[in-house]
Amino acid sequence: MGLIATASCCWAIAAAAPAGAPDASALDSAAAGFKPYVLDQIARCLSATKTMRERIAAQDLAGAQQAWLAARGGWEGSEVISNEFFADLDRKIDAWPDAEKGFHAIEAKLFGAHDVKTLPAAEELVGNLEDFERQLRATRLTAQGLLNGSTKLAYEIGESKAEGGESPFSGNSLAEIRDNVASIAAAYARVFAPATRKRNAALAKTFTADLERMHALLSVPSLQELDQTGLRTLSETLANDLVMIGRESGLERPGLGN
């Protein structure tokens with residue numbers, strides 16, 4: 001709850017957009033230009049998921065496991081927009097920890113039970129990812145939506161992905177957190193950085209330094225060696241940085257719903 005309290009405080013101090021805030025249409029144009037990045041992530045994910053389906057159909061456990069891991073990188077790279085813009089599909093594709101379908105239901109079978117008999121779930125996942133890609137192509141991304149998604153993801157990294165990780169059966173959790181951080185960094189660099197550097201150079205410098213600290217923290221060889229307390233603290237710091245970046249951009253306070 002620290003982010004909520006801190007964010008509320010920040011916005012109570014100065015609820016209105018600062019004078020001379022960037023034009024919202026310019027920021028939304030930058031956000032729309034971020035779509036190819038996310039489409040590339042989803043294309044990678046979908047291609048690997050189709051390979052996983054093929055390997056499952058062929059009863060190739062090792063091949064299916066390898067393809068599952070490959071698919072996760074693209075999916076985690078899209079999480080700055082997935083829950084914010086497509087919450088229903090996000091739940092079907094990536095629900096956890098009590099997943100009955102999607103990536104983590106398949107993960108439990110492939111890596112937990114070493115059971116390759118999960119073809120219907122794989123086919124459903126491919127269909128949901130294809131639907132996600134279609135909807136993404138038809139959706140205009142907004143700066144507010146990207147701010148919300150990035151802030152929620154930054155907070156979630158420390159709040160719920162830290163201790164056991166999102167993908168414990170496969171041992172892929174640390175790589176997925178790294179992919180999340182890379183997507184936050186990409187959204188900032190392509191959409192918010194130019195205006196933030198112009199409006200508040202100190203804030204831009206702080207956020208860049210905090211990202212570098214996060215990358216350094218995540219450079220450990222395994223999740224077991226990760227500083228969990230440091231991760232929680234730094235993920236909340238990044239989220240609070242994004243609250244202030246939003247304010248400098250003249251946007252509403254990021255929501256943490258869904």
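A residue counts as buried when its relative accessible area is under 20%. Keep that cut-off handy for the exercises below, and bear in mind that this is a predicted model.

**Exercise 1. Get the overall fold.**
Work out how many helices and strands the protein has, and what percentage of its residues count as buried.

*Solution.*
- Step 1: Go through the secondary structure, and you end up with 12 helices and 0 strands. Read along the sequence, that is α-α-α-α-α-α-α-α-α-α-α-α.
- Step 2: Turn to burial: 51% of the 258 residues are buried.
- Step 3: Check the contacts between residues at least 6 apart in sequence; 82% of these join residues at least 24 apart.
- Step 4: Look at the outside, where about 11,200 Å² is exposed and carbon and sulfur atoms supply 52% of that area.

**Exercise 2. Put a ruler to helix 3.**
Compare the expected span of helix 3 with the distance between its end C-alpha atoms, then find which of its residues are buried and what covers them.

*Solution.*
- Step 1: Helix 3 covers residues 35-57, which is 23 residues. The expected span is 1.5 Å times one less than the number of residues, so helix 3 should come to 33 Å.
- Step 2: The end C-alpha atoms sit 33 Å apart, so the two values agree.
- Step 3: Pick out the buried positions: K35, Y37, V38, L39, Q41, I42, C45, L46, A48, T49, M52 and I56.
- Step 4: Notice the spacing. An α-helix has 3.6 residues a turn, so residues three or four places apart point the same way.
- Step 5: Find the cover over these buried residues; it includes helix 2 (24-32), helix 4 (61-76), helix 5 (79-85), helix 7 (103-112), helix 8 (119-138) and helix 10 (173-199).
- Step 6: Look just past the helix, where Q59 has a positive phi, near 60°.

**Exercise 3. Dig into the core.**
Which residues have the most contacts inside the largest nonpolar core, and what does F34 touch?

*Solution.*
- Step 1: Start with the background: in soluble globular proteins, nonpolar side chains tend to be buried together.
- Step 2: Here the largest nonpolar core has 69 residues, and F34, M52 and F192 have the most contacts inside it. Helix 10 gives the largest share of this core, 11 residues.
- Step 3: Zoom in on F34. Leaving out residues up to four places away in sequence, F34 touches V80, L141, L146, S183, A186, A187, R190 and V191.

**Exercise 4. Follow the charges.**
Trace the salt bridges of R72 to E76 and E176, then take on the pair E248 and R199.

*Solution.*
- Step 1: Side chains of opposite charge can pair when their charged atoms come close. The whole structure has 15 salt bridges.
- Step 2: Take R72 and E76, with closest N and O atoms 2.6 Å apart. Both lie in helix 4, 4 residues apart, about one turn of the helix, and both are buried.
- Step 3: R72 also forms a salt bridge with E176, at 3.0 Å between the closest N and O atoms. This pair links distant parts of the chain, with R72 in helix 4 and E176 in helix 10, 104 residues apart. R72 and E176 are both buried.
- Step 4: Now E248 and R199, whose side chains meet at 3.7 Å, N to O. That pair joins helix 12 (residues 228-248) to helix 10, 49 residues apart.
- Step 5: Sort the two by exposure. E248 has a relative accessible area of 9%, so E248 is buried; R199 is at 31%, so R199 counts as partly exposed.
- Step 6: Finish with the network: salt bridges that share partners join R72, E76, D94, E166 and E176.

Note on methods: Residues numbered from 1 in each chain as written. Predicted model: local features only at pLDDT ≥ 70, side-chain atom pairs only at ≥ 80, totals over all residues. Heavy atoms only, no water. Helix = DSSP H or I, 4+ residues; strand = E, 2+ residues; numbered from the N terminus. Buried < 20%, exposed > 50% of the residue type's maximum accessible area, 1.4 Å probe, protein only. Contact = heavy atoms within 4.5 Å. Areas by Shrake-Rupley, 256 points an atom, 1.4 Å probe, with all protein chains shown as cover. Core = buried A, V, L, I, M, F, W, Y, C linked by side-chain atoms within 4.5 Å. Salt bridge = Lys/Arg side-chain N within 4 Å of Asp/Glu carboxyl O.
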